[in-house]
Amino acid sequence: MEEAPHGCPGADSAQAGRGASCQGCPNQRLCASGAGAAPDPAVEEIKEKMKTVKHRILVLSGKGGVGKSTFSAHLAHGLAEDGDTQVALLDIDICGPSIPKIMGLEGEQVHQSGSGWSPVYVEDNLGVMSVGFLLSSPDDAVIWRGPKKNGMIKQFLRDVDWGDVDYLIVDTPPGTSDEHLSVVQYLAAAHIDGAVILTTPQEVALQDVRKEISFCHKVKLPIIGVVENMSGFICPKCKKESQIFPPTTGGAEAMCQDLKIPLLGRVPLDPLIGKSCDKGQSFFVEAPDSPATAAYRSIIHSECLRRLLAGSPWRGDVGRNRRAITWLLGRLLPMCPCCELILSLRNREGEVDSVGDTSRKGQ
């Protein structure tokens with residue numbers, strides 16, 4: 001991916017969009033309008049809201065179908081096994097919210113109080129929020145463009161009353177687009193501890209995962225490490241391992257060595273994982289002796305994860321990161337009136353009061 005033009009003055013400069021280096025940049029018109037320099041007031045509101053959350057972890061992957069939601073759910077269950085640890089799971093996969101099903105919360109609804117939206121609780125110390133709770137049926141399609149998705153994510157971060165939380169786990173859709181840019185932007189003034197990146201062993205998945213790693217570098221988001229999911233199948237009878245998805249280019253291990261990123265672990269295939277997710281039950285309870293359970297626990301208690309969470313979190317700088325985020329938006333999204341709203345990085349998107357209803361607040 002191309003870098004920003006050499007000599008770029010930055011979105012908050014008086015020469016933004018007007019300098020010689022701005023010629024040919026896809027964001028020239030946006031920068032010249034001054035929209036990119038104006039801070040979104042929601043960033044500071046979210047920063048205030050997030051003061052009660054100790055750690056924030058994003059679960060990412062450039063590839064779909066590699067098990068992000070399954071891993072997010074298992075990470076939440078694993079951390080919540082300590083009854084003194086408060087865990088929150090936020091599903092920002094707006095068009096494909098599977099967390100309600102995996103967590104056994106289908107049919108639940110969000111309630112609103114004076115302090116905001118109340119999460120839906122699996123256990124007393126494990127709360128969940130998803131757009132799936134706002135749908136009248138799990139089969140309903142969410143057909144939204146970028147600005148409306150961004151408005152929904154903003155409300156999740158600003159308006160949900162999580163209370164005092166030790167870990168906020170954010171489950172994301174595949175790719176490097178609207179949802180990912182929104183959550184990084186809105187948490188910029190607070191902090192993100194880092195991202196766990198999911199992949200499967202085959203090269204077709206690793207290609208897209210490398211793009212996700214590039215995205216993290218572009219927006220200065222720390223990478224906690226990579227998890228290789230569906231890493232072989234261990235027969236429950238003979239205990240022999242078979243490679244269902246052969247790592248033709250060395251798998252996640254070779255990629256991590258090449259990119260100097262920690263490999264947190266490998267999770268083998270187990271049919272009980274899918275069954276437990278369909279039933280909405282914890283896989284740790286359903287299959288405590290499975291090799292996959294041991295792998296999950298090893299990852300959750302890995303030295304890389306624990307060391308990062310014990311150290312200083314990533315603190316974003318809105319002015320510093322806006323340039324990288326704006327540039328990424330210009331390259332990743334087609335230029336159209338809808339994307340102009342996304343690119344503005346301001347509070348212009350419609351804020352969602354309910355699915356199918358958008359209001360223009362503050363305009």
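**Aromatic pairs, helix packing and backbone features**

W117 and F156 are both buried. In this predicted model, the two residues form an edge-to-face aromatic pair, with 6.0 Å from centre to centre and 70° between the planes. The pair joins distant parts of the chain, since W117 belongs to strand 4 (residues 116-118) and F156 to helix 5, 39 residues apart. A second edge-to-face pair is formed by F284 and Y296, whose ring centres are 6.0 Å apart and whose planes make an angle of 65°. Here too distant parts of the chain are linked: F284 sits in helix 10 (residues 283-286) and Y296 in helix 11 (residues 291-300), 12 residues apart. With a relative accessibility of 2%, F284 counts as buried because the limit for that class is under 20%. Y296, at 2% relative accessibility, likewise counts as buried. Altogether, the structure holds 4 aromatic pairs, and ring pairs connect F71, F283, F284 and Y296 into a cluster.

Two helix contacts can be set beside these aromatic groups. Two packed helices are described by the angle between their axes and the distance between the axes. For helix 3 (residues 68-80) and helix 11, the angle is about 70° and the axes are 10 Å apart. An angle from 65 to 115 degrees counts as roughly perpendicular, and helix 3 and helix 11 are therefore roughly perpendicular to each other. On the helix 3 side the contact is made by T70, F71, H74, L75, G78 and L79, and on the helix 11 side by Y296, I299 and I300. By class, the residues of this contact comprise 6 nonpolar, 3 polar and no charged. Two of the contact residues, F71 of helix 3 and Y296 of helix 11, also belong to the aromatic cluster.

Helix 5, which carries F156, takes part in the other contact. The axes of helix 5 (residues 146-159) and helix 6 (residues 178-186) come within 9 Å and cross at roughly 40°. This angle falls outside the ranges for roughly parallel, antiparallel and perpendicular, and the two helices are therefore oblique to each other. The crossing of helix 5 and helix 6 is right-handed. Helix 5 contributes G146, K149, N150, I153, K154 and L157, which meet D178, E179, S182, V183 and Y186 of helix 6. These residues divide into 4 nonpolar, 3 polar and 4 charged.

Some individual positions complete the picture. Most residues other than glycine have a negative phi. K220, however, has a positive phi of about 60° without being a glycine. This residue is placed in the loop between helix 7 (203-218) and strand 9 (223-234). K220 has a relative accessible area of 42% and is therefore partly exposed. M230, another residue other than glycine, has a positive phi near 55°. M230 is found in strand 9, and its relative accessible area of 18% makes it buried.

G107 lies in the loop between helix 4 (99-102) and strand 3 (111-113). At 75% relative accessibility, G107 counts as exposed because the limit for that class is over 50%. The C-alpha atom of G107 is separated by 9.4 Å from that of L134, although the two residues are 27 apart along the chain.

Conventions
Residues numbered from 1 in each chain as written. Predicted model: local features only at pLDDT ≥ 70, side-chain atom pairs only at ≥ 80, totals over all residues. Heavy atoms only, no water. Axes fitted to C-alpha atoms, helices over the stretch in contact; angles between N-to-C directions. Helix = DSSP H or I, 4+ residues; strand = E, 2+ residues; numbered from the N terminus. Parallel < 35°, antiparallel > 145°, perpendicular 65-115°, else oblique. Left-handed = near helix turned anticlockwise from the far one by under 90°. Contact = heavy atoms within 4.5 Å. Nonpolar A, V, L, I, M, F, W, Y, C, P; charged D, E, K, R; others polar. Buried < 20%, exposed > 50% of the residue type's maximum accessible area, 1.4 Å probe, protein only. Phe/Tyr/Trp six-rings, centres within 6.5 Å; stacked < 30°, edge-to-face > 60°.
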